[in-house]
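Okay, thanks for squeezing me in. I want to walk you through one strand and a few backbone oddities, so have the viewer open.

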Amino acid sequence: MSLETVSTNRSHGGTQGVYRHDSAETGTPMTFSVFVPDHAPGAKLPVLWYLSGLTCTHANVTEKGEFRAACAQHGVIFVAPDTSPRGDDVPDDDAYDFGKGAGFYVDATQEPWARNFRMRSYIESELPALLAQHFPVDMARQSITGHSMGGHGALTVALRNPGRFRSVSAFSPIVSPLNCPWGDKALTGYIGGDRGAWREYDACALIEDGARVPDLLVDQGTADGFLEDQLKTTLLVEACEKAGQPATIRMQDGYDHLYYFISTFMPEHVAWHAERLKD
């Protein structure tokens with residue numbers, strides 16, 4: 001699998017790169033970023049995946065996430081994929097919460113989305129194989145995090161792939177697409193009207209159905225304008241408590257949905273994952 005280097009920059013004792021490749025899953029070029037801390041020749045480093053939210057690309061967290069110092073300190077590679085396929089031939093929607101920038105980390109089954117919108121398979125299979133081929137990653141030591149729609153992605157990817165991730169965290173995640181307008185719109189459009197088929201894309205439903213992760217950390221701002229109608233953090237609290245799923249779910253007073261919030265707690269999340277990614 002060939003890889004094009006778009007850019008590289010020295011930062012915090014490591015290399016921040018942006019890369020592009022032709023994806024077999026989406027049928028489009030896909031761009032992602034990788035931060036690799038300096039390391040001994042031949043060493044393999046653990047990896048932390050970050051899945052972004054609605055309207056975002058790899059660039060949002062790469063430019064505003066403030067993760068590099070913590071990743072360099074703890075020796076963790078940080079990978080940030082795009083949220084959806086891109087290109088003039090890719091179907092789109094005028095709304096911000098559907099189409100390009102709103103892939104929801106699903107494999108679409110409905111037309112015209114089914115050909116390109118295969119972000120689940122891209123994140124779960126294709127991109128990890130590419131990463132293992134081109135970067136010094138220890139694929140036995142992986143963790144995953146994400147924001148909003150990407151928090152939904154991180155939770156559901158981890159819950160569907162037991163044993164792959166040592167830890168999971170999220171910032172302001174959509175915890176139950178079955179129970180919010182964003183999820184109802186996206187899953188109806190991409191997957192169709194059978195709500196039973198949506199359960200594999202709903203963190204609360206997956207936990208209810210028996211899926212588990214080793215450890216879970218969630219930060220949610222109390223001043224987040226999407227909290228009550230879209231994010232519904234209390235549903236995740238209830239699902240974890242009922243199922244006995246280990247979880248630390250923290251309500252952060254006064255914080256909103258933006259990267260000011262994410263960047264505040266990002267170093268703590270990186271350190272939390274790094275502790276669980278040790279040999």
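**One strand and three odd spots**

So, β4, residues 45-51, runs parallel to β5, and the two pair over 3 bridges. This is a predicted model, by the way. Within that pairing, Leu 48 sits opposite Phe 78 of β5.

Now the other partner. β5 also pairs with β3, residues 29-37, this time antiparallel and again over 3 bridges. If you want a spot to click on there, Ser 33 has Ala 80 in β5 as its bridge partner.

Which way do the β5 side chains point? Ile 77 and Val 79 go one way, Phe 78 and Ala 80 go the other way, and all of them are buried. That back-and-forth is what you'd expect, because side chains in a regular strand alternate between the two faces of the sheet.

Okay, backbone stuff. Follow the loop from β5 (77-80) to α3 (119-134) and you'll reach Pro 112. The peptide bond from Glu 111 into Pro 112 is cis, with omega near 5 degrees.

Then there are two serines with positive phi. Ser 148 has phi near 60 degrees, and it's in the loop between β6 (137-146) and α4 (149-160). Is Ser 148 buried or exposed? Its relative accessibility is 2%, so Ser 148 counts as buried.

The other one is Ser 172, with phi near 50 degrees, in the loop joining β7 (165-171) and α5 (181-191). Ser 172 comes out at 0% relative accessibility, so it counts as buried too.

Note on methods. Residues are numbered from 1 along each chain as its sequence is written. This is a predicted model: local features need pLDDT of at least 70, side-chain atom pairs count only at pLDDT 80 or more; totals for chains, interfaces and linings use all residues. Side-chain values use heavy atoms; hydrogens and water are left out. Helices (H or I, at least four residues) and strands (E, at least two) are DSSP runs, numbered from the N terminus. Buried means under 20% relative accessible area, exposed over 50%, partly exposed in between (1.4 Å probe, protein chains only). Two strands pair if DSSP finds at least two bridges between them.
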